[in-house]
Amino acid sequence: MTMTRDPETGSVSTNMTKTRYNRIAPFYNFMEAIPERRFRPWRKKLTSKAKGAILEIGVGTGKNFSHYPQGACVTGIELADRMLVIARQKAAELGLSFDLREGDVQNLEFPDHSFDTAIATFVFCSVPDPVRGLKELRRVVKPAGRILLLEHVRIDRPVIGRFMDCLNPLVVRIIGANINRRTVENVQKAGLCVEEIEHLGMMGLVKMISAKTDWAS
Ligand SMILES: C[S@@+](CC[C@H](N)C(=O)[O-])C[C@H]1O[C@@H](n2cnc3c(N)ncnc32)[C@H](O)[C@@H]1O
């Protein structure tokens, strides 16, 4: 397991992130029950764009599984083993033979250009070095492939943005997620080409992002 320092907070390591998600795993679905009503149609829309060999990062408890097109070929990775146990149960309940593995998006075990689509929902708020993780997606996705993300981000308004910055250390400590990530900028920093952004939720708090590995494809 890597010990990566978060470039934004300078403090959260990958092991710490794993510990935090293992801690909340038994309560995760309950904690997310209310916002999940809002997220469900967004998940459905994002997953409907996934094609070919699909890599889902940070599958959590498997909330996206039921939304994939029938027969979808999905490999899923998850940092926290207790989340993964729940995801495996969910896949079994749905009769899905997804390949689900423990893994870290910052160090993927797959060869270059292994997937047609990489997908992640509400994950890059937690990855200690998100740009490194996004660079890994750029490496493992085929040149004509897509990287599809649904992520909450820092609201780009002076007062609210600053408030999110102040609150962030506490939220990270409790639930493992940063509320002030600039994920669109991080996607660009990773060398990915953003082809579409949909601004969702209050003040565009959530972004649905479609990116390519390069403009030529
Ligand atoms: C907020 S949860 C989202 C789970 C799920 N994607 C969803 O939409 O409900 C974030 C997930 O990302 C996982 N995660 C965090 N850092 C990761 C990393 N470096 N590699 C893989 N998964 C990671 C966490 O363990 C957690 O399950």
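## Around the ligand

Here, a residue counts as near the ligand if one of its heavy atoms lies within 4 Å of it. By that rule, 21 residues surround the ligand, and the closest are Arg43, Gly58, Glu78, Asp104 and Thr121. This is a predicted model, where local features need pLDDT of at least 70 and side-chain atom pairs pLDDT 80 or more, while totals for chains, interfaces and linings use all residues. Residues are numbered from 1 along each chain as its sequence is written, and side-chain values use heavy atoms, with hydrogens and water left out.

The shell splits into 10 nonpolar, 7 polar and 4 charged residues (nonpolar: Ala, Val, Leu, Ile, Met, Phe, Trp, Tyr, Cys and Pro; charged: Asp, Glu, Lys and Arg; polar: the others, Gly among them).

## Backbone contacts

Polar contacts (pairs of N or O atoms within 3.5 Å) link backbone and ligand. A ligand nitrogen is 2.7 Å from a backbone N or O atom of glycine 58, and one is 3.0 Å from a polar backbone atom of valine 105. For leucine 79, the distance from a backbone N or O atom to a ligand nitrogen is 3.4 Å. The protein buries 98% of the 590 Å² that the ligand exposes when taken alone (Shrake-Rupley areas, 1.4 Å probe).

## The pocket

So where does the ligand sit? It's in the largest pocket, meaning more than half of its atoms lie within 2 Å of the pocket's grid points. A pocket is an open set of points on a 1 Å grid over the protein atoms alone, where a 1.4 Å probe fits, with protein on both sides within 12 Å along at least five of seven lines; lining residues have an atom within 4 Å of a point.

This pocket has a volume of about 770 Å³, counted as the space filled by probe spheres set on the points. Of its 46 lining residues, Tyr21, Tyr28, Phe122, Cys125 and Ser126 are the closest to the centre.

Technical notes
A polar contact is a pair of N or O atoms within 3.5 Å; within protein, one must be able to donate a hydrogen and the other to accept it, and residues adjacent in sequence count only if both atoms are side-chain atoms.
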